[in-house]
Amino acid sequence: MIDRRKFVGGVAAAPMFLAAPAFVRRANAQSTLPIPGLYSLSGNFANVGSAMNDGSAWAVEQYGTVAGNKLNYMLLDDRGDVGEAVRKVNDLMAVQRIKHLVGASNSAVGLAAQREAFLRGGIYVHQAGADEATGKDCNRSTFRWTAACYSAVNSTVRPLIDKYPNAKKWYTITGQYVFGDSLLSNCKEVFAEKGIQHLGNSYHSLSDREYSGFIASALATSPDVLAICNFGNQTLDVIRQAISFGMKRNTKILAVWSTGLDQFQALGPENCEDVYFGCNYWHSVDSPGNRRFAEIVKKKTGEVPNYLQAAGYAVAQMLMEGMNKANSTEADAIIKSLEGLTYEGPTGTETIRAGDHQVIKDYYLMLGKPKAAMKDKNDFCDVVAATKAFLPVEKTGCKMGV
Amino acid sequence: MSIQLLIFQILNGIGIGMIYFLLSAGLTLIFGLMRFVNFTHGALYLLAAYVAFALTRSGISFWIALLLAPLTTTFVAIVIERLILRHTYRMAHEAQILITFATALFIQEMVILAFGPLGQNVSVPPQLSGVVFLGPYVYPVYRLAVVGVAAVVALLVWLLIERTKTGSILRAGSEKAEMVGLLGINVDLVFMATFALGGALAGLAGVLAAPLRGVDPFMSAEALGIAFVVVVVGGLGTLSGALVGGLLIGLVQSVMSSVWPEGAQFMIYASMALVLLLRPAGLLGRN
């Protein structure tokens, strides 16, 4: 028979039993944390997006859990379309209420997504190169791993001018979009400062794949150096076609921004030889962070890592380092913990500058070597210079979205 | 722009135009003879380029690849035609486009699975590396060879279609298939042969393009885009139209690269719009 004491205890416990499923559901929901990556799996940047997506997914898998949450990587495919990217970020942050995001396959997507992340009170870590990302368009929500265009130009054009003081005549071929323009404007500033004659620039659209006409225009001016201000497959095509037109005979070729190993493989040693490349990452850099990353890539692919995988890995790593330090998944707490954070990244010790949310890291000037001098199948280039060239925060124009 | 540069850009434009003709020859041939919009054309071009890459990477000579890659795409074109496309001949163009587009995507994904999404290099054969001098300008020997191949292909295909019994059957089959059938000719086989020829031309274009631009799994869309512009400008279904269209587009692109570089690509499409406005059937097309 039930006594009074048991009856009162049972009545008191009943609401807890009734509420239990909700607690259980919430506990389960919190135990799995989606880490979304915004990449292009089709369109002009699909080859880039695919490898970056791999890098981010591997980082999430390696960390496994952060701040007590089991991680689950989730791809947002923007299909190379800025509008699609904005819609997906909006849906992620406003509808699904997931406030953190990593990745960008190109600058146009990165800049648009970082505005959206800021408006929605999220946190976004990306690898777009345009100066504006941590310059005039910077905001509190956004962090950028890759070097800015300023860094790329000042880490490649300056050392090359110093190495060849008599090479005074430069010609540029530029992809006409925000990133190409950003590289070009930085080149022009260095040219003006160093007394370099800028013979001319050929803009081309993002859909161009035939560059012989632009190369003929460049050849007509007899430049000492041809600087290519672009990124991705178009850079490869310009290099390949410039070489086929015999440009290496009298002209140095510099790809201010390259993606490193994957592009060297796509060009082959005969096209890399004597060409200068700017790179954000190189697989043979000996550092604890790079060794750890190289092991993951070796396990996954059996190969050495390339820049695209490294960039994808790095942005996810930054977000998760921030979550771990904050011991929280709230955007505000992660932002605070990331500002000023120093960690072992793929290029060595990397530091996130609090003033503009830019990662301070090396940018490499590399020179393609002859096939006969390659020590292994990936030994395409020598590192000529490794430079941390970043604008002081006060000159970046960054106002943190104010 | 100096006169010298203009002359060079015109010569270069003719070179580009011949390469574009090679890209579009198979596409226009299939449309002209069968009234079939073949979106697998770009995928066969892609497949041939990767066959060339795989063979040369294994140490096999580019010259063998030049033979084997078009043979491979010819075989694949026959398989696709027998298994899928012959069931679509009586369908609307929209259905044909959807089915061939899906087939093209399937081929592209297979290439990504086999070779990965990143670009790869195919070296220019040593016999054709280097440049020739045109006054103060240089022109790659390999490009010159491709232009030569395109010219030979134009001549051979024209002779085949216009001057041989096989060509007569192909043309008759496209005009009055039932009548040709009543004459005891296997029209089904004629259509298959047309696809095989289209596949061989796409394959030849792919293997020749590989050393020019490398290979990547997304090269098919770019080739298909330019091939459609060329055949629309020249007139859908006419081989001579593809030649004229290719040359016009090549010239516009090359000359505009110096006159208005940022608008060179735009001018390709502006030229197409202008041609369609003045001659809706294309420069050499029949209404």
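These are my notebook entries on chain A, its two domains, one helix pair and the side that touches chain B.

**Ground rules.** I'm working from a predicted model, where local features need pLDDT of at least 70, side-chain atom pairs count only at pLDDT 80 or more, and totals for chains, interfaces and linings use all residues. Residues are numbered from 1 along each chain as its sequence is written, with chains lettered from A and ligands numbered from 1 in the order in which they are written.

**Domains.** I looked up the split of chain A: domain 1 is 28-147 + 286-360 and domain 2 is 150-279 + 362-393 (bounds from an automatic or database domain assignment). Their C-alpha centres lie 27 Å apart. I found 25 residues of domain 1 in contact with 23 of domain 2 (contact: C-beta atoms, placed from the backbone, within 7 Å).

**Helix pair.** Next I checked α5 (149-163) and α6 (178-194) of chain A, which pack at about 40° with axes 9 Å apart. Helices here are DSSP runs (H or I, at least four residues), numbered from the N terminus; axes are lines fitted to C-alpha atoms over the stretch in contact, and angles run from 0 to 180 degrees between N-to-C directions. The two are therefore oblique to each other (under 35 degrees is roughly parallel, over 145 roughly antiparallel, 65 to 115 roughly perpendicular, the rest oblique).

**Side facing chain B.** I see 34 residues of chain A in contact with 31 of chain B. α7(A) gives the largest share of chain A's side, seven residues.
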